Amino acid sequence: MTAGRIYAMTVVAGFIVQAISPSVQAESPEKLVRMGNGSFRKGEYREAMEYYDRASVREPESPIIFFNRGSALYKSGEFQKAAEEFLKTAEKTRDLPLEARAWYNMGNCSMMQGKRQSDSDMKKALDHYRSSVTRYQTALKKDSTLHDAAVNMEIARVLIKDLLDRIRKQEEMRKKQQERMKEIVDSLVSIANRQDVNRKETGDAAERKKKNRSGWKQGTSGARDKQEEIREDTRNVRENMENIPGAGQAKSIQQAISHVDSSLAFQDEAVADLAGMAPEKAREDQEESLE
């Protein structure tokens, strides 16, 4: 039995066709329900709701109208509101089979809510699936012959198992991400410290050049060699960031990579400036790289 079978679920008796209390008025609840049922059969669920709403004004405590309203809302994809109507049916009716069907439909509402949130919020989806199991169990207690409730309950249990596996894997991936990111942060801190030291050495070379003092060329060349090493190490860290499990889907990691890319661009300029014996410009690039 696979999760795909959820699409085979049906709302038991999409609406109730039996009569409500007869009325001699032009728009009796019975007539309005019949008209609503006609719209329901055509797939015009919002129009059906309008008829059921008008009927409920005259019969505000009718479990049949609650049930039909729930069915129309379900078909419209408004599962939470539909469940509220089915709950009213279960609370108001004295008909045990109808109560069982209301609980079954509540289970379907929970199932569909879970399906809707299975990608965006797996923990909420899990709550909905578990709720559907409870509701199907209640339906079976009210009517043990309700075969569809037993079938859908097993589907819900399969979905719960699949979702728990997905949540476990997600947690494992998150843990690995955190471990790898800690290593990367430590590496970036070390690189930043080295960049800061080299920035100061580049600044010393710039001051010597400005004052026409000896040794500035040697200092500039040494700073270039160190800058090339820093750049290479930064590139290695960036590559490690891309190899973190799930990095492509993690916004925080992608933002971090973007910052490292900016830093690398300034490091490239610093290397070029140092190679061109322009330590004063290289120092500015190194400061930007640190930022």
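Start at Asn 212, which follows helix α7 and has a positive phi, near 55°. This is a predicted model, in which local features need pLDDT of at least 70, side-chain atom pairs count only at pLDDT 80 or more, and totals for chains, interfaces and linings use all residues. Residues are numbered from 1 along each chain as its sequence is written, and side-chain values use heavy atoms, with hydrogens and water left out.

Next, select helix α7, residues 147–210. Helices are DSSP runs of H or I, at least four residues, numbered from the N terminus. The end C-alpha atoms of α7 are 90 Å apart, in agreement with the 94 Å expected for 64 residues at 1.5 Å a residue; the expected span is 1.5 Å times one less than the number of residues.

Within α7, show Arg 168 and Glu 172, whose side chains form a salt bridge at 3.1 Å, N to O (a side-chain nitrogen of Lys or Arg within 4 Å of a carboxyl oxygen of Asp or Glu). Because Arg 168 and Glu 172 are four residues apart in the helix, about one helical turn separates them. Then select Asp 196 and Lys 200, a salt bridge at 3.8 Å, N to O.

Outside α7, select Asp 53, Arg 69, Glu 85 and Lys 88, which a network of salt bridges links.

Finish at Ser 289 in helix α10, residues 279–290. Ser 289 is buried at 7% relative accessibility (buried means under 20% relative accessible area, with a 1.4 Å probe and protein chains only). Leaving aside neighbours within four places in sequence, Ser 289 is in contact (heavy atoms within 4.5 Å) with Gln 195, Ser 263, Phe 266 and Gln 267.

Note on methods. Helix = DSSP H or I, 4+ residues; strand = E, 2+ residues; numbered from the N terminus. Buried < 20%, exposed > 50% of the residue type's maximum accessible area, 1.4 Å probe, protein only.
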